[in-house]
Amino acid sequence: MNSIQTKSIVESLRDLLLQWGFSSNVTNVIVDFLGLFIVLVVSILVYYIVKYVINRVLKRMVLRSKSRWDDHLYEQKVFTRLALIIPALIIDVFLSTTIAGYPKVINFIEVVLSLYSAVIMIIVANSFLNAVYHIYGDFHLADSKPIKGYVQIGKIIVFVVGSIVIISMMIGQSPLTILAGLGAMSAVLLLIFKDSILGFVAGVMISNNDLLRIGDWMTMQKHNVDGVVIDISLVIVKVRNFDNSISMIPTYSFISESFQNWRSMLEAGGRRLRRSILIDLQSVRKVDDGLIEKTRNFSIPNQIITSNTGNQTNLGLFRWYLIDYLTNHPAVNQQMSILVRLQPSLENGIPLEFTVFSVIESLNEYENFQSGLMEHILTTLPQFDLKVYQRP
């Protein structure tokens with residue numbers, strides 16, 4: 001009964017077109033391709049139905065799940081872009097039955113469908129790699145072992161392979177034939193992808209040797225860079241400087257040029273401070289009762305004052321006071337070495353050098369700490385009858 005109704009509909013359409021003045025050949029073509037048009041409309045409707053299900057039903061399932069990987073797959077539109085392949089599959093299934101009398105048209109449409117499917121698969125693979133990058137970013141390992149460079153290499157491979165497949169479909173040749181032709185152009189390809197190849201090699205070495213991580217504070221004198229790493233990609237590394245400007249450095253520069261990474265200092269819990277002050281030699285003298293009384297309020301052990309170890313000078317007393325002061329300072333890391341020493345005398349005086357490690361990581365607070373420390377030392381020296389050398 002259905003076949004009879006379908007046949008009557010087709011015959012009615014044929015008669016209607018003939019009445020409108022169409023020739024019999026044109027009428028037959030229109031009637032034959034009507035089925036293909038219906039399949040096309042149905043395939044598009046199916047796509048929008050599947051897309052609606054993905055955006056409504058699948059979205060709710062993704063939001064309710066505790067894992068994050070499906071959220072990233074949905075946010076990168078992997079499912080909706082994969083649904084774009086549905087119209088091509090439906091048309092391919094019904095193509096030979098709708099226009100069986102037109103083999104050349106069938107071959108042409110099959111080539112178009114293949115090209116369309118190849119493009120869609122490239123887009124889906126690109127979205128999937130983006131999702132993999134974001135999924136990996138949820139792990140703590142992502143800061144020390146970034147994979148952005150590997151993901152970009154994967155995208156390049158997908159694009160190159162997809163382009164070879166598309167070209168082979170268009171010219172009707174095997175992909176291996178195109179690859180053989182590309183072998184002769186290897187020098188040109190190496191020149192085109194030089195930065196990507198060097199960046200990939202640098203990325204592998206940076207990752208394996210743990211040379212650089214996102215969030216590291218680094219300096220590179222050659223490029224006038226001093227800031228925090230915010231992104232490591234295949235070709236460039238982005239650094240936010242302390243003036244909030246962004247420096248973009250070629251990734252390969254980090255294995256071909258010298259740079260300074262301050263991560264170990266931050267992880268050690270101490271930022272080293274080494275400063276020296278030139279003491280006027282003419283102000284150094286023996287300790288007497290007046291000086292002992294004058295410095296009574298300072299934390300100097302009595303055994304130091306009364307000992308015969310050669311520290312009975314005002315400079316020796318100040319050195320012991322400075323050791324005690326730094327040992328009890330809250331900004332000084334007490335677990336690391338605290339050193340106060342005298343360097344060999346110079347023509348401008350005798351250098352009093354001190355080395356400590358500060359627990360302060362912030363640059364502004366660190367500068368305030370070392371400035372305040374120097375100010376305290378300069379104002380305390382006169383209490384020990386010491387003078388800082390200053391050229392007349």
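These are my notebook entries on a few helices and strands that I looked up in this predicted model.

**Entry 1, helix H5**

I began with helix H5, which covers residues 85-98 and has 14 residues. From its first C-alpha to its last I find that H5 reaches 20 Å, close to the 20 Å expected at 1.5 Å a residue. I also looked for a bend and noted one of about 30° in H5, placed at Asp92. For burial in H5, I listed Ile85, Ile86, Pro87, Ala88, Ile90, Ile91 and Leu95 as its buried residues.

**Entry 2, Ser43**

I then turned to Ser43, which is found in helix H2, residues 24-64. Is Ser43 buried or exposed? Its relative accessibility is 0%, and because buried means under 20%, Ser43 counts as buried. Leaving aside residues up to four places away in sequence, I see that Ser43 touches Pro87, Ile90 and Ile91, and these three residues appear among the buried residues of H5.

**Entry 3, the hairpin of S3 and S4**

Next I followed strand S3 (residues 236-241) and found that it runs antiparallel to S4, with 5 bridges joining the two. One of the pairings I checked sets Ile236 against its bridge partner Pro250 in S4. The two strands form a hairpin with 4 residues between them, and in the turn I noted Asn244, whose phi is positive at about 70°.

Which side chains of strand S4 (residues 246-250) point to the buried face? I recorded Ser247 and Ile249 as pointing to one face and being buried, whereas Ile246, Met248 and Pro250 point to the other and are not buried. Such a pattern fits what I would look for, because side chains in a regular strand alternate between the two faces of the sheet.

**Entry 4, the sheet of S6, S8 and S7**

My last entry concerns an open sheet of 3 strands, ordered S6-S8-S7 and paired in the antiparallel sense. Strand S6 (271-279) and strand S7 (339-342) each have a single partner strand and stand at the edges, so one side of each is left without a neighbour in the sheet. From one strand to the next, I noted that the twist averages 15°.

Between S6 and strand S8 (residues 350-358) I found an antiparallel pairing over 9 bridges, and within S8 it is Thr355 that stands opposite Arg274. I then looked for helices against these strands and saw that helix H16 (residues 314-327) lies across S6, S7 and S8, running at about 165° to S7. Helix H17 (residues 363-380) also packs on the sheet, where it touches S6 and S8, and its direction makes about 25° with that of S6.

Notes
Residues numbered from 1 in each chain as written. Predicted model: local features only at pLDDT ≥ 70, side-chain atom pairs only at ≥ 80, totals over all residues. Heavy atoms only, no water. Expected span 1.5 Å × (residues − 1). Bend = angle between axes of the 7 residues up to and from the residue. Buried < 20%, exposed > 50% of the residue type's maximum accessible area, 1.4 Å probe, protein only. Pairing = 2+ DSSP bridges. Axes fitted to C-alpha atoms, helices over the stretch in contact; angles between N-to-C directions. Contact = heavy atoms within 4.5 Å.
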